[in-house]
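These are my notebook entries on a single structure. I set out to look up its core, its pocket and a few individual residues.

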Amino acid sequence: NAGTEADVYISIYGEKGDTGSRQLHRSPKPKKFLKGQTDNFPVEAVHLGHLYKIVIGHNGLGSGNGWFLDKVVIKDPITDLDYTFFCHRWLDHGQDDGKIARELTVTDSGPFSGRQELRLKSEESWAAEKWKFQEGNKLQFYNRLTRGFICLSPDGKVDALGDKKNKYGKGFFICFY
């Protein structure tokens, strides 16, 4: 449920002006904006010079209109430069902060852009998983060697012997193979 069927729009801003709002609808793929899919869209415009921001969003219409946007890469055919705009957020009335449009600034190219993307993905992962570590929850990992559970308590205690009688444990059950 990370894709969208809504109409998606983008405005691109550069040192020489902007494109205005443009609908992204001409894609070589029959279904656009699916989860895990990379879509490409041609956008015709005068050369804007160095790009510095975009505004991207959707109209919120259609079933399953919420959309998780990882990033946007704009390839400038004149300068042969790539401009990367990291998002790593939902565009959805019912998720995140409820916004269906985002203003994104360009990420500097170079060795730190990879680090920034890694940091954003780490924050995203923690936001999705932190509920497991709330007070009262206990994580249990099944140990195939001992056929028992390794239990992690909220106070930081680890029970490495586990309870062999408790087939499914209490709390969360995660198996590693």
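**Entry 1: the nonpolar core**

I began with the largest nonpolar core, which has 18 residues. Ranked by contacts inside this core, the leading residues are Ile 54, Ile 56, Leu 69, Val 72, Ile 74 and Phe 85. I then looked up which strands contribute: E1, E4, E5 and E6 each supply at least two residues of the core. I note that the model is a predicted one. As general background, nonpolar side chains in soluble globular proteins tend to be buried together.

I next asked which residues Ile 54 is in contact with, leaving aside its neighbours within four places in sequence. I found Ile 10, Ser 11, Ile 12 and Tyr 13, then Val 72, Ile 74 and Phe 85, and also Arg 102, Glu 103 and Leu 104.

**Entry 2: the largest pocket**

I looked up the volume of the largest pocket and recorded about 1200 Å³. The pocket is lined by 37 residues, and the closest to its centre are Asp 39, Phe 41, Val 72, Val 73 and Ile 74. Val 72 and Ile 74 also appear in my core entry, among the residues with the most contacts there.

By class, I recorded 22 nonpolar, eight polar and seven charged residues in the lining. Strand E1 (8–14), strand E4 (51–58) and strand E5 (67–76) each supply at least two residues of this lining. Which strand gives the most to the lining? I found that E5 does, with 10 residues.

**Entry 3: Thr 84**

I located Thr 84 in strand E6, which covers residues 81–91. Leaving out residues up to four places away in sequence, Thr 84 touches Lys 71, Val 72 and Val 73, as well as Thr 105, Val 106 and Thr 107. I also looked up its separation from Leu 51, 33 residues apart along the chain: the C-alpha atoms are 9.7 Å apart.

**Entry 4: positive phi outside glycine**

I looked up two residues other than glycine with a positive phi, and asked of each whether it is buried or exposed. Asp 80, in the loop between E5 and E6, has a phi near 60°. Its relative accessible area is 68%, which is over 50%, so I record Asp 80 as exposed.

His 88 lies in strand E6 and has a positive phi of about 55°. The relative accessible area of His 88 is 7%, under the 20% limit, and therefore I record His 88 as buried.

Technical notes:
Residues are numbered from 1 along each chain as its sequence is written. This is a predicted model: local features need pLDDT of at least 70, side-chain atom pairs count only at pLDDT 80 or more; totals for chains, interfaces and linings use all residues. Side-chain values use heavy atoms; hydrogens and water are left out. On a 1 Å grid over the protein atoms alone, a cavity is a set of points where a 1.4 Å probe fits but cannot get out, and a pocket is an open set with protein on both sides within 12 Å along at least five of seven lines; lining residues have an atom within 4 Å of a point. Grid points are joined across faces, edges and corners, and a volume is the space filled by probe spheres set on the points. Helices (H or I, at least four residues) and strands (E, at least two) are DSSP runs, numbered from the N terminus. Ala, Val, Leu, Ile, Met, Phe, Trp, Tyr, Cys and Pro count as nonpolar, Asp, Glu, Lys and Arg as charged, and the others, Gly among them, as polar. Contact means heavy atoms within 4.5 Å. A nonpolar core is a set of buried Ala, Val, Leu, Ile, Met, Phe, Trp, Tyr and Cys residues joined through side-chain atoms within 4.5 Å. Buried means under 20% relative accessible area, exposed over 50%, partly exposed in between (1.4 Å probe, protein chains only).
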